Structures are given as C-alpha cells and as structure tokens.
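Student: Please take a close look at one strand in this model and its pairing. After that, put the strand in the setting of the chains.

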Amino acid sequence: MADVLSGSDLVLLEALPEATLVVASDGRIRFLNRAATELLGHDDAELAGEPVARIIVPQAGQRLDVVAWLARWADDPASPQLRYLTLTGRTRNGQQLRLSVRVARLFQPEPLYLVTMRDVTAEQREHQDVRHAYLVMSRILAISDDAIVNLDKDRNITFFNRRAEQLFGHRAEDVLGRPLDMLLPLHHRARHGAHIDAFERGKSPSRLMGERGEIVGLTSAGEEVPLEASITKVFIDGEPTFSAHLRDIRPRKEAERQLIESRERFRTVFDHAMEAIALLDPRGKVLELNESAQQLLGADVVAEGRYFWELPWWHGVGERERAEARRNAEDNVSRAADGEEIRLRAELVDGRSHRRVIDFSLRPVRTEGRTLAIVAEGRDITAIVGRD
Amino acid sequence: MPRVTYVEANGTEHVVNVPVGSTVMQGAVNNLVPGIEGDCGGLCACATCHVYIPSEWAKRCGEPDELETNILDFAFDVRPESRLACQITMSEALDGLVVRMPVRQY
C-alpha cells in the first residue's frame, strides 16, 4: 500500500530515527518505518491497509476521533495542543504507550498524514509522580500549625500558608509576589535583610528554632509580634530560595510568666507556713522544703534529692534508735505512697542537736488512683509536751 | 469573593474562595485541590481540568466553545455536563458553584 510513495521517499522515511507513520485521509495506515515497528512491535506488512485505530486506541470514555485530530494538527503544526495532548498507542503485546505526536500533510491533492510519534509514557508518569508528591507536600505545609513563608532570591513571598494568614492577618493572594518587608516592622527591616544576606552566604543550610534569637513580625493591623523561626535555604540553579517556619511566642511567654507567678505565690505561702513542710515524690525523695522545715533540719543541710528517711533529723540517741526511726519513717512514707494518711508523734533531733517532739503527718496527694506527691508536715509540740 | 465547592470523585469536598476574573481551574490549583491538573496552565490545550457541572449551574457557566468541545475529546468519561475548568471564568453570579471531578484526568 506504499504505492503512492516513491521509492526514494520510502528510503528516507525508513531511515528516520523517529517512529513514523503514514496515514491516509480514510484513516488507513500506508506505511510504518523501522523505528515505528520497533516501538509498537508490529511490522509494516501486518498493519499496511489497517485502520490507524489498531495502534492508536481511544481510551474508555474518550470520544476521540484520531483521524479528525490528525487533520487538525496537520492544518496547524504550531498548535499548542501538540505539546500537551497525547495519544495512546497499543503495542502488539497489548502494552499501552503515551505518544506525543507531530503531524504534517505529506502530499496534495491526496492528503497523507505523516505522523511522528515519541513515547512519553515514562516522562508523563514521572511528571505526574512529581506533581502528586508536590500536592501531598504542599497540603502538609498548608495545614501546618506553624506559619510558613517562602521567599525567592529577591526576598519576595512565594508561599504563605493558612497559619501565616492568621498570624499576619493577610490573605495569601494579597502577599504572594510582594516583598518580605511588608511582614516586618520598619525599624527591623534593614537588620533582618542583613541577617538573610548573611544566612545566604553562610555554610549552614538550616537553622532551627532555639538556635537563633527571636525576630519581630508585623501584622496587617500594625501590631508587632515576637516570633521564633526555623529557616532553611535551597539553591536551585544557583538561585537561593528561603523558607521560614514561624511561631508566635506570645502564648509561650505568657505561659512562662504565669508559671513563674504561680510558683512565686506557692513559695510565699509555703515558706510562711508555721509548720515545717516537706514535699516528697512518691518514692520518698524530698522535692521541696519550706523555711520552717529547713530551720528544723539545720540551715546548711541540703535535703532536696535525698530520701526523707535519710535526713539527719531521724538521728536517735543511739545506733539502734536511729536505725529504727529511719525504718519507721521509710515504712510510713511507703504507706502514704499507697494512699494512707498517717499521723503520729515523732521525736527528732534538730539542727542544733536538740530533741524535738513533733506532731507529724504524711498525706498523699492523689489523682486518678495515683500518688503524685506526699506532703510531710510537722508541728513542733516540744513546749506543750514539756508542760504536760 | 465567590465560593466554589470542588467535589472529588470519592466525595471529598473542598470549599474555596476564587477571585472574580480567575478561572475555576486556577481556583483548584492555587488551593491545592487534587483531581484538577491544569497541565497547560489554562490554554485550553490539555484536557486535564475536566469537570462536571451540575445542570442547575450549567446555564450560568455558559456554553463551551468549539475549541473546548474539541479538546474534551481527550478527556475521560465525558458526559453532557462535562466542561474544562480553565474555560469557566469566575463571577459573582457563580458564587456557590459546585463542580465535580472525574476519577482521572490522564
């Protein structure tokens, strides 16, 4: 069926390195060159005179008329669709290939279509994989609880996630393409710019929150917000891009302030109590001692971190009493750790080696059946007992 | 700003604000809505932003021109309500638009 083509044409087509088809206007195949037979697995004799639909197959749900498209493309060889639309080729063993085609009209008046085909299956799959990976990563960044802002080499904003919108009070579409400076207070811009320049030149690819000082952001309402940031740079084709994960540190600072205040209040109450109070962990180690307890123990004795029953105030008059007093104390702490409230009269030796009679209690602090701490409290009743 | 609800083939819905003058395809791509690819960037040259427009919205979205109708030849599972999202320009009249995505674009 290659009769309409002259011998020299055929030699030329056969030698073309691209897979090439010649198709008549009725959609029948006139010729396949060697590269095409290698690509599709069919040979020329097998396909000559067959409809092109044997090798270029519309997909399920497609209403594609291949011949009509060959005519369109032949009429407009510079058509942008030639870049984006692919045909699906089927090889002899049933494998499907994505084919990017170029079409030329070969002869007038009888139109023949010269179709060159390039297998773009792997290319298209890679392209899709990259797109899908990009989509997944972008969605991860989009919902991050940190504000994320990306910059190009000119320090213009290229990415602005939802948290950044909330933090700065700007919508992404209003900041994309605009300079970073709009997110910085006027008096910080020069210094911040110098920091980015230094980071660009520096050896470190990333700096994490906590490794650098705080920075200050500017909201759309003109409010200055202290921020901490992790930053990273990626050079693409020699041009830097920057990404910052930003966190508003006001809530953390407020929590720290409240914690310090709460601790100070606790300490004030704790130290002003008349009774000696020790706070123990559930294993009996001393966490805190108030002023009265410290006085009772002796000002220079360090109690924190030691087992309650190992404190020097259990020293009895003799070796045996001392051992017994300690055993009793340990036993009592262990019972309190199990949830029991213990109250007893104990004899201690204070920091000045005076014997003291103490109205002593151990109370567990419990939540959900678990002991968090034990409060040891002692009231010095030596004077009262002495009067008795 | 008009809102568009993009419904993936599996039923997942993405409600997105799309600026007037932008296209339904750009709204999806800019907001990381999966299921609309927009390979050619809106040239009406790739058929990878194929969507279905419910009949109640069809009129307000306008009729596809010849090029769009031709390009839809390359889309999969084409139905009477098929459109290319890059050819639908957002206007206030399209506030509340619902578009459904096919199972595949390639």
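Tutor: In this predicted model, strand β1 of chain B is joined to strand β5 (residues 97-100) of chain B by four bridges, and the two run parallel. One pair in this ladder can be named: V7(B) stands opposite R100(B) of β5(B).

β1(B) also pairs with strand β2 (residues 13-17) of chain B, here through five bridges and in an antiparallel sense. On this side R3(B) has N17(B) of β2(B) as its bridge partner. β1(B) and β2(B) form a hairpin with five residues between the strands, and in that hairpin G11(B) takes a positive phi near 100°.

The side chains come next. In a regular strand they alternate between the two faces of the sheet. β1(B), residues 3-7, shows this alternation: V4(B) and Y6(B) point to one face and are buried. R3(B), T5(B) and V7(B) point to the other face and are not buried. Buried here requires 20 or more other C-beta atoms within 10 Å of the residue's own. Two of the residues on the face that is not buried have already appeared as bridge partners: R3(B) pairs with N17(B) in β2(B), and V7(B) lies opposite R100(B) in β5(B).

For the wider setting, turn to chain A and its contact with chain B. The contact takes 17 residues from chain A and 17 residues from chain B. On the chain A side, the elements giving two or more residues are α5 (81-84) and α6 (121-142). α6(A) supplies the largest share of that side, six residues. By class, the chain A side divides into six nonpolar, six polar and five charged residues.

Chain A itself contains 13 helices and 16 strands. Its domain assignment gives domain 1 (2-120), domain 2 (143-248) and domain 3 (271-387). The centres of domain 2 and domain 3 of chain A, taken over C-alpha atoms, are separated by 55 Å. The C-alpha trace of chain A spans about 135 × 55 × 35 Å along its principal axes. Chain A has a radius of gyration of 42 Å, whereas a compact globule of 388 residues would have one near 21 Å. Of the 388 residues in chain A, 23% are buried. Among contacts in chain A with a separation of 6 or more, 41% come from residues 24 or more positions apart.

Notes. Residues numbered from 1 in each chain as written. Chains lettered and ligands numbered in written order. Predicted model: local features only at pLDDT ≥ 70, side-chain atom pairs only at ≥ 80, totals over all residues. Contact = placed C-beta atoms within 7 Å. Nonpolar A, V, L, I, M, F, W, Y, C, P; charged D, E, K, R; others polar. Domains from an automatic or database assignment. Rg over C-alpha atoms; globule rule 2.2 N^0.38 Å. Buried ≥ 20, exposed ≤ 12 C-beta atoms within 10 Å, placed from the backbone. Pairing = 2+ DSSP bridges.
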